[in-house]
Amino acid sequence: ADIISTVEFNYTGDLLATGDKGGRVVIFQREQETKSRPLSRGEYNVYSTFQSHEPEFDYLKSLEIEEKINKIRWLPQQNAAHFLLSTNDKTIKLWKISERDKRAEGYNLKDEDGRLREPFRVTELRVPTLKPMDLMVEASPRRIFANAHTYHINSISVNSDYATYLSADDLRINLWHLEVTNRSFNIVDIKPANMEELTEVITAAEFHPHHCNVFVYSSSKGTIRLCDMRSSALCDQHSKFFEEPEDPSSRSFFSEIISSISDVKFSHSGRYMMTRDYLSVKVWDLNMENRPVETYQVHEYLRSKLCSLYENDCIFDKFECCWNGSD
């Protein structure tokens with residue numbers, strides 16, 4: 001249950017959220033440098049821990065829904081509180097993380113221990129005052145977005161308008177408004193009429209960091225599609241299609257498995273995007289669809305061990321990627 005399943009920094013890098021297989025979210029806060037500890041800025045200490053998801057059971061499909069956190073995404077900070085989205089296979093939740101270091105005392109209609117006072121016992125008017133207390137970090141669920149995905153959710157991405165976000169499963173991508181929990185809009189649907197004709201699934205999806213109408217999604221075939229929501233309500237027709245031609249001489253039984261893209265991320269400028277497959281990381285220019293501008297071989301030493309990795313299922317492991325803050 002303590003095995004970490006996803007990690008995500010907030011926009012400033014001061015907070016790091018981790019989700020685990022037990023449905024818990026643990027938030028770490030970066031230590032500030034002090035004169036006595038000048039090199040402590042790289043250290044992170046536990047800031048808050050809360051149970052985000054519980055195991056559920058789908059009685060219609062006789063299916064157990066595990067509590068494992070698949071993805072966490074922070075919302076840009078608008079006030080003193082922090083907000084984040086967390087999701088398991090089926091349900092997305094919006095959490096508010098806030099601090100409290102003062103408590104109100106001196107109520108007119110309450111005793112000091114919180115019990116209501118009889119009105120006839122109130123003989124004078126008191127002005128409540130705020131008294132210092134030990135810092136307490138509270139996590140409270142503000143929205144629950146459920147019952148919109150038939151298949152397992154693999155991605156969530158907050159839009160640059162900060163009012164909407166998308167969620168993706170194997171065959172569909174839905175668009176949500178952060179204030180509306182009972183309705184979402186289907187913007188991509190690749191489910192064929194006959195499931196036997198299914199040749200690929202959606203593996204990751206992300207909004208453009210600056211253009212709220214643009215998003216990309218990757219597939220198990222190693223392709224990336226860029227879609228523009230201005231063209232149509234259902235983005236089944238992509239605007240751009242990114243694919244690297246395969247070298248026929250290097251094709252093997254494992255080629256399709258290791259070419260499946262497990263993560264896609266836009267650069268902060270929005271000009272480039274990075275994709276991660278089993279053995280490599282590729283950087284794409286949005287203006288060049290036929291091949292990546294850079295390819296980094298991350299696990300090239302595993303190429304000779306693919307057979308044994310296939311036998312123990314490690315070849316199906318998924319890896320994420322992330323841009324440096326100063327890309």
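Author: A residue is called buried when its relative accessible area is under 20%, and that cut-off will serve us throughout this predicted model.

Reader: Which residues of β16 are buried on one side, and which on the other?

Author: In a regular strand the side chains alternate between the two faces of the sheet. Here V214, V216 and S218 lie on one side of β16 and F215, Y217 and S219 on the other, and all of them are buried, which leaves both faces covered. Strand β16, residues 214-219, is therefore largely enclosed by the rest of the structure, since six of its six residues are buried.

Reader: Which strands does β16 pair with, and in what sense?

Author: Strand β15 (residues 202-207) runs antiparallel to β16 and is joined to it by five bridges, with F207 standing opposite F215; a hairpin of six residues links these two strands. Strand β17 (residues 224-228) also pairs with β16 in the antiparallel sense, over five bridges, and here F215 stands opposite C227. The hairpin between β16 and β17 has four residues, and G222 in that turn has a positive phi of about 85°.

Reader: How many disulfides does the structure hold?

Author: A disulfide requires two cysteine sulfur atoms within 2.5 Å, and the structure holds zero of them. For C307, the nearest cysteine sulfur belongs to C314 and is 13 Å away, while for C322 the nearest, that of C321, is 7.7 Å away.

Reader: Is C322 buried or exposed?

Author: With 62% relative accessibility C322 counts as exposed, whereas C307, at 46%, counts as partly exposed.

Definitions and conventions: Residues are numbered from 1 along each chain as its sequence is written. This is a predicted model: local features need pLDDT of at least 70, side-chain atom pairs count only at pLDDT 80 or more; totals for chains, interfaces and linings use all residues. Side-chain values use heavy atoms; hydrogens and water are left out. Buried means under 20% relative accessible area, exposed over 50%, partly exposed in between (1.4 Å probe, protein chains only). Two strands pair if DSSP finds at least two bridges between them.
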